[in-house]
Amino acid sequence: MGQSLVKLYAHIVFSTKHRQNLIDEEIADDLFAYIGGICKNLECNPIIVGGYRNHVHVLCVLSKKIALMTLLDRMKSNSSKWAKTKGDKYQDFYWQNGYGCFSVSPLGVESLKGYISNQNDHHRQKSFEEEYIKFLEDYQVDYDEKYVWD
């Protein structure tokens, strides 16, 4: 086979340091667009980027040319630097160490897009911590909760 063909849908989730509510209405849309731009520049086609006050969801098609860790490093470091340029109240904007990344079936993409676009409604009933633990359980990820939130 002479051609390398890859299509990997990834659902990436990461939170602000100590899950501080730093993603407010003032920067949320621009922050999500900025993160999407980073994905695009790294050839990881962003499908949707969204989130809520203390975390981000990214649904993208991973590039075969870049390691997942490199994508996460660039998204987190560049976007936190960007946020700090948006005013004094964002000077302590940092992302938590770590992240979650889950594979998505092509059949599940539309459903996940809806889920990500409705984060404000979703988080009226469920905290980020509850949401994230449910993802870990649904994807059958082995974890020790004492290390999940460091």
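This section describes the cores, pockets and selected residues of a predicted model.

The largest nonpolar core holds 28 residues. Within this core, Val58 and Met75 touch the most other members. Four elements each supply at least two of the core residues: strand 1 (8-15), helix 1 (28-41), strand 3 (55-62) and helix 2 (68-84). Helix 1 gives the most, with six residues. A second core is separate and has nine residues. Val13, Phe102, Tyr132 and Trp149 are among them.

The surroundings of Val58 extend over several parts of the chain. Residues up to four places away in sequence are not counted here. Val58 then touches Ala10, His11, Ile12 and Phe14. It also touches Ile35, Cys39, Ile48 and Val49. Met75 completes the list of residues touched by Val58.

Helix 3 (109-117) has a buried side made up of Val109, Leu112 and Ile116. These residues lie on the same side of helix 3 because they cover an arc of only 65° around the axis. The face turned away from the buried side carries Glu110 and Ser111, both exposed. The buried residues of helix 3 pack against strand 1, strand 2, strand 3, strand 4 (100-104) and helix 4.

Two pockets were examined next. The largest pocket encloses about 370 Å³ of space. Its lining comprises 19 residues. Glu25, Ala28, Gly51, Tyr52 and Asn120 are the closest to the centre of this pocket. Helix 1, strand 2 (46-52), helix 3 and helix 4 (119-122) each supply at least two lining residues. The largest share comes from strand 2, with five residues. By residue type, the lining of the largest pocket divides into seven nonpolar, six polar and six charged residues.

The second largest pocket holds about 180 Å³ of space. It is lined by 14 residues. Those nearest the centre of this pocket are Asn97, Gly98, Tyr99, Tyr132 and Val148. Strand 1, helix 5 (128-138) and helix 6 (145-148) each supply at least two residues of this lining. Strand 1 gives the most, with three residues. The lining of the second largest pocket comprises eight nonpolar residues, five polar residues and one charged residue.

Tyr99, one of the residues nearest the centre of the second largest pocket, is placed in the loop between helix 2 and strand 4. Its relative accessibility is 32%, so Tyr99 counts as partly exposed. With neighbours within four places in sequence left aside, Tyr99 is in contact with Val13, Phe14, Leu68, Met69, Leu72 and Tyr132. Two of these contacts, Val13 and Tyr132, are included in the second core. Tyr132 is also among the residues nearest the centre of the second largest pocket. Tyr99 and Asn120 are 21 residues apart in sequence. Their C-alpha atoms are 21 Å apart in space. Asn120 is among the residues closest to the centre of the largest pocket.

Ser15 lies in strand 1. It counts as buried because its relative accessibility is 6%, below the 20% cut-off. Leaving aside neighbours within four places in sequence, Ser15 is in contact with Asn54, His55, Trp95, Gln96 and Phe128.

Backbone geometry draws attention to two loop residues. Most residues other than glycine have a negative phi. Arg19 has a positive phi of about 55°, although it is not a glycine. Arg19 lies in the loop between strand 1 and helix 1. Glu43 also has a positive phi, near 60°, and is a residue other than glycine.

Glu43 is found in the loop between helix 1 and strand 2. At 48% relative accessibility, Glu43 counts as partly exposed. Leaving aside neighbours within four places in sequence, Glu43 is in contact with Val61, Ser63 and Lys65. Glu43 and Ser63 are 20 residues apart in sequence. In space, the distance between them is 5.5 Å, C-alpha to C-alpha.

How values were computed
Residues are numbered from 1 along each chain as its sequence is written. This is a predicted model: local features need pLDDT of at least 70, side-chain atom pairs count only at pLDDT 80 or more; totals for chains, interfaces and linings use all residues. Side-chain values use heavy atoms; hydrogens and water are left out. A nonpolar core is a set of buried Ala, Val, Leu, Ile, Met, Phe, Trp, Tyr and Cys residues joined through side-chain atoms within 4.5 Å. Buried means under 20% relative accessible area, exposed over 50%, partly exposed in between (1.4 Å probe, protein chains only). Contact means heavy atoms within 4.5 Å. On a 1 Å grid over the protein atoms alone, a cavity is a set of points where a 1.4 Å probe fits but cannot get out, and a pocket is an open set with protein on both sides within 12 Å along at least five of seven lines; lining residues have an atom within 4 Å of a point. Grid points are joined across faces, edges and corners, and a volume is the space filled by probe spheres set on the points. Ala, Val, Leu, Ile, Met, Phe, Trp, Tyr, Cys and Pro count as nonpolar, Asp, Glu, Lys and Arg as charged, and the others, Gly among them, as polar. The arc is that of the directions from the helix axis to the C-beta atoms.
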